[in-house]
Each structure stands twice: as structure tokens, then as C-alpha cells.
Amino acid sequence: STSSHSKVSFRIGGLTADMDLFAVTGTSDGCTVTGCQSTPSSKPVSETPGLADELVTVAPYTGGETFYFIVDGWSYAKGEFDVQVTCD
């Protein structure tokens, strides 16, 4: 898409297991273990304990950069969740 937004928010809810949520940037080859970058100080990370919703926001977002949103089960947890993406 060529449109730009001031921020993009990604939320997971309705969790049936403890999940964490990360926003990472990738390389031209996509998101790989060595090609993605995510640290709490540089990219959005949500590690809320338990079954509470997880939310990350990329702001400011001016377009042109690809983000991957990764849902990771805490301590190998697996479960269902709902996804909501908001562009403002």
C-alpha cells in the first residue's frame, strides 16, 4: 500500500494462553531469525503476563517499511487469539 498513517496498532485478545507480541522489521529477504531486529528500546514489544490483551504500536509510521508482528507463547505456550489492526 502507498498510503501512510501516523501510527499502526496491532492487538491480540481473547487469549487462551499467555502470549507475547513483538513488532520487528525485516530485510529484503523477509523476516528470518538473523534478519529481524527487535529490542524493547527500539521496537514495540508487549509482554503482559497472563491472558490480558497484548498491544504494540508503531509510531510514527510514515510508510515504506515492512513490519512483522510475531505472537510468541510464553514458555512454549500454545493457544487461540483474535487479531485487530488499527491504522490512524
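1. In this predicted model, Phe81, Val83 and Val85 together make a nonpolar patch of about 250 Å² on the surface. It is a useful place to start reading the structure.

2. One member of the patch, Val85, sits in strand S6, which covers residues 82-87. The relative accessible area of Val85 is 48%. Val85 therefore counts as partly exposed, because that class lies between the buried limit of under 20% and the exposed limit of over 50%.

3. Now the interior. The largest nonpolar core has 12 residues. Val8, Phe10, Ile12, Leu15, Ala17, Met19, Leu21 and Ala23 belong to it, and so do Val56, Val58, Tyr61 and Phe67. Strand S1 (8-13), strand S2 (19-25) and strand S4 (54-58) are the elements that supply two or more residues each to this core.

4. Leu21, one of the core residues, is worth a closer look. Setting aside neighbours within four places in sequence, Leu21 is in contact with Phe10 and Ile12, with Pro44, Val45 and Ser46, with Glu54, Leu55 and Val56, and with Phe69, Ile70 and Val71.

5. As for the chain overall, the secondary structure consists of six strands and zero helices. Read from the N terminus, the order of elements is β-β-β-β-β-β. Among contacts with a separation of 6 or more, 76% join residues 24 or more positions apart.

6. Last, burial and surface. The chain has 88 residues, and 30% of them count as buried. Its accessible surface is about 5700 Å², with 51% of that belonging to carbon and sulfur atoms.

Conventions:
Residues are numbered from 1 along each chain as its sequence is written. This is a predicted model: local features need pLDDT of at least 70, side-chain atom pairs count only at pLDDT 80 or more; totals for chains, interfaces and linings use all residues. Side-chain values use heavy atoms; hydrogens and water are left out. A nonpolar core is a set of buried Ala, Val, Leu, Ile, Met, Phe, Trp, Tyr and Cys residues joined through side-chain atoms within 4.5 Å. Buried means under 20% relative accessible area, exposed over 50%, partly exposed in between (1.4 Å probe, protein chains only). Helices (H or I, at least four residues) and strands (E, at least two) are DSSP runs, numbered from the N terminus. Contact means heavy atoms within 4.5 Å. Patches are made of residues with over 30% relative accessible area and no salt bridge: like charges are joined within 9 Å, nonpolar side chains (Val, Leu, Ile, Met, Phe, Trp, Tyr) within 5 Å. Accessible areas come from the Shrake-Rupley method with a 1.4 Å probe; for residues, only the protein chains shown count as cover. A salt bridge is a side-chain nitrogen of Lys or Arg within 4 Å of a carboxyl oxygen of Asp or Glu.
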